[in-house]
Structures are given as structure tokens and as C-alpha cells.
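Reader: I am new to looking at protein models, and I would like a close look at one part. Please take me carefully through any enclosed space inside this one.

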Amino acid sequence: MENTSMNFNVFAETVVKALRKAMGERFQVTTTMVKKNNGVELLGIVVQEEGLNTSPTVYINDFYENYKEGTTIPKIVEALVRIFYQSRIPEEVNLSGFLDFETAKEQISVRLIHYEKNKELLMNTPWRQVCNLALVCYYTVQQSPFYGKASILVKNEHLQKWDITDKELFAEAIVNTPVRYPVSIEPIEELIFRNWADEKKERLLEELKADRIQIPLFVLSNRQRMQGAVCMFYPGVLRKFAGRIGRNLYILPSSVHEVLLLPDQGDKDSQELLQMVTEINENCVADCEILADSVYYYRRETDRIEQLC
């Protein structure tokens, strides 16, 4: 039975109060509102342990949904305590390498986000526009205990501290990215049945079947399958692939992590493809991971990507 006795703000205050009691005096429990990609805002609970300079953040929006579905506050707090102890970083993290550009530049790469949905973020961030998208730069934390699993968005304030221009920043990032995150192109059925959760497989396959999109359909990403949509702009990647199959390409943004390549065989309508992309984004992709409700096209004769719709 749905539980509607608390609104979200009261729920958050109740959880924080109970969590402070459960964690003890050695931990400081606070909340923070975090703006994610596409303007998605999530409320995070931060647990700062005495004597350490890093702290895990757990977003509680999904826990509120669990509460409304009947999960009790004690059960939610118990789950949060378990998550925080599992995420605990028992050592100080050395980020001194980020302070010096000559050291930091080796870990800087580009990612792809939607321009319009991230206008506010881009006001304080170096960026380059491509179609209706934007390239932004991130620093990947390689120090213990993250080893590449955490990153920092490069902002204008960082350029000032590094005493460099955005041109210098992108010169490093654009060269680094294909080297650090090599491209991968696979037939979609191989990727779906190897990596995706059953529910997501079924939903995407239903969408593809309903729109009669058949093989060949290829997934373009990096080998890490993280933030791989930017691979569509790697120099020479689409030229080489389109030349091998002898076709121009429709590019369908699946998420910020990957795009789908559909060889143009003269039997597809861009508006139908747009409807498919939009439906997949609505049903299969988290809001903060959507790249765009758009369809792009690669022409071999010009070696350029254009936005169709």
C-alpha cells in the first residue's frame, strides 16, 4: 500500500535525524542538493567522518519512492548505514595533482552533453558546441582509492587557477580522449545480450521491433562503456566505419554512454527514427543520462555530422 504520510522534505529531515543517531558522534551527517546532467536535481546525504577529507554521498530520491511504496524509515536508515560503511574511504585522498595543470592535463578528457538542457551549467564551464550538443572537459581522479572511478568537471575557475585558456584545455582533452578511452563498435544484439539487464533488453527490443529497425544496427561507444557518446566525434571513426560498409549513417543517441549507428539503405524516415529515439529515452534511459531527443546523419562525401531533427 502506498505511504503518503510524509512529503519529501519531511522524509529527508526524518531520515537525516535517524541516521545521525545511527552513525554516532564520529560522523557529521548533512544534506546537499546536487545538480546532475540535464538539470536533474537530486538530494544527497553526505556522511563526513572525523579526520578524513572525503565523504560518500548517497542520493535519497529513490529511497523516498521506496518509502511511498511501504518501506519503513528504520529499514531505509538501515540500508543507508550499510551503504555508507561499504562506501567508506578510510584514508585521505591526495588531489594535489589536480592543482597543477602540467600534471593534471594527462587526466583531462572530453564528454558530450545536451546544450540546451545544460545552459546553466555551461555558464561557468568551458565548452564547445557541436550540433545541439556541447563538449565539456573532465579530470579523472586516478589516485587511491578511486583509480579512475571519480571525476571532476573542469570549470572556468580551474582555468584561472591553472593560468591557461580554454583553447589550451581543449587541445589537451581532445588528444587525450581517444587514447584513454578507445572506441568500440559492435552489432547491437551482441551488446544487449551480453551486458544489459533483462528488463532493459526486453524494452529496447520491443521498441526496435515495433519500429521495424532490423540488423544491421551498431553500438558506438568506448571500451569502458562510460560517457562513450563522444566517440561519434573521434577523428576518422565514422569515416572508416562508413567506408567499410559503403553507406552513410543515421546516428541515434541512446544515452551519454553510447549512440546507435544505422546504415542508410534508403528505407528510413528521420521522423520515425526520432519517435523511436524519444520513446527509448522516455522508457529506458535515466533522465540524467539522456543525450538528446534528436537524429543525426553522417555523410561520407563531406565527412561531417549534421542534425536532421
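Author: Enclosed spaces in the chain

Of the 309 residues in the protein chain, 45% are buried, a word used here for a relative accessible area under 20%, whereas exposed is over 50% and partly exposed lies in between, with a 1.4 Å probe and protein chains only. The model is a predicted one, in which local features need pLDDT of at least 70 and side-chain atom pairs count only at pLDDT 80 or more, while totals for chains, interfaces and linings use all residues. Residues are numbered from 1 along each chain as its sequence is written, and side-chain values use heavy atoms, with hydrogens and water left out.

Before turning to the spaces, it helps to know how far to trust the picture. The mean pLDDT (the predictor's confidence in each residue, from 0 to 100) is 89 for the protein chain, and 87% of the residues reach 70 or more. Confidence is lowest in helix H9, residues 198-210, where the mean is 61, and highest in strand E12, residues 296-299, at 98. Where pLDDT is low, the predicted coordinates should not be read in detail. The chain holds 11 helices and 13 strands, taken as DSSP runs (H or I over at least four residues, E over at least two) and numbered from the N terminus.

A cavity is a set of points, on a 1 Å grid over the protein atoms alone, where a 1.4 Å probe fits but cannot get out, and its lining residues have an atom within 4 Å of a point. There are two cavities of 30 Å³ or more by this rule, where grid points are joined across faces, edges and corners and a volume is the space filled by probe spheres set on the points.

The largest cavity encloses about 60 Å³, and around it lie Met23, Phe27, Val47, Glu49, Leu52, Thr54, Ser55, Pro56, Phe84, Arg88 and Ile89. Seven of these lining residues are nonpolar, two are polar and two are charged, where Ala, Val, Leu, Ile, Met, Phe, Trp, Tyr, Cys and Pro count as nonpolar, Asp, Glu, Lys and Arg as charged, and the others, Gly among them, as polar.

The second largest cavity encloses about 30 Å³, and its lining consists of Leu252, Pro253, Ser254, Leu260, Met276, Val277 and Ile280. Strand E10 (249-255) and helix H11 (270-284) are the elements that give two or more residues to this lining. By class, the lining of the second largest cavity has six nonpolar residues, one polar and no charged.

Terms used. 1 Å grid on protein atoms, 1.4 Å probe; cavity = no way out; pocket = protein on both sides within 12 Å on 5 of 7 lines; lining within 4 Å.
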